[in-house]
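Let's go through a few labels for this model and see what backs each of them up.

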Amino acid sequence: MMPSLGKKYPIDIEVTSKPKAHYMTDEYFELDLPVAPAVLVADEIVVEGENVSQYEVEKCICRHLELPEPEAPKKGVLSRLFGKA
């Protein structure tokens with residue numbers, strides 16, 4: 001997801017991946033960073049502690065870059081039947 005957004009918008013993407021135990025240390029909590037997994041755009045936390053859709057990340061990037069928000073993805077038949085986006 002992130003590489004494709006980095007190609008689509010003029011942004012720098014930084015991915016940090018560490019063992020889960022690293023995110024549970026006192027040192028990590030002292031950094032005042034969000035609970036992993038997390039996505040930040042500039043200083044805005046898009047989501048923390050759960051997965052996020054590409055659409056939600058893209059909306060936040062557009063707000064940060066002062067661009068119009070992307071069009072919401074259309075729901076498919078299964079999404080309409082089961083109520084999931």
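Q: How many aromatic pairs does the structure hold?
A: This is a predicted model, and the structure holds 2 aromatic pairs.

Q: Why is the pair of Tyr23 and Tyr28 called edge-to-face?
A: The ring centres are 5.0 Å apart, and pairing asks for centres within 6.5 Å. The planes of Tyr23 and Tyr28 sit at 90 degrees; edge-to-face means over 60, so the label fits.

Q: What makes Tyr28 and Phe29 an aromatic pair?
A: For Tyr28 and Phe29 it's 6.3 Å centre to centre, and the cut-off is within 6.5 Å, so they pair. With 75 degrees between the planes, this pair is edge-to-face too.

Q: Which residues do the ring pairs link into a cluster?
A: Tyr23, Tyr28 and Phe29.

Q: Are Tyr23, Tyr28 and Phe29 buried or exposed?
A: Buried means under 20% relative accessible area. Tyr23 has 15% and Tyr28 has 8%, so both count as buried. Phe29 comes out at 48%; exposed needs over 50%, so Phe29 is partly exposed.

Q: How do you know that Glu58 is buried?
A: Its relative accessible area is 7%, and the cut-off is under 20%, so Glu58 is buried. This residue lies in helix H3, residues 54–64.

Q: Why is the link between the side chains of Glu58 and Lys8 called a polar contact?
A: The distance is 2.7 Å and the limit is within 3.5 Å, so the Glu58 and Lys8 side chains qualify. Leaving out residues up to four places away in sequence, Glu58 touches Leu5, Lys8, Tyr9 and Pro70.

Note on methods:
Residues are numbered from 1 along each chain as its sequence is written. This is a predicted model: local features need pLDDT of at least 70, side-chain atom pairs count only at pLDDT 80 or more; totals for chains, interfaces and linings use all residues. Side-chain values use heavy atoms; hydrogens and water are left out. Rings of Phe, Tyr and Trp (its six-membered ring) pair if their centres lie within 6.5 Å; planes under 30 degrees apart count as stacked, over 60 as edge-to-face and the rest as tilted. Buried means under 20% relative accessible area, exposed over 50%, partly exposed in between (1.4 Å probe, protein chains only). Helices (H or I, at least four residues) and strands (E, at least two) are DSSP runs, numbered from the N terminus. A polar contact is a pair of N or O atoms within 3.5 Å; within protein, one must be able to donate a hydrogen and the other to accept it, and residues adjacent in sequence count only if both atoms are side-chain atoms. Contact means heavy atoms within 4.5 Å.
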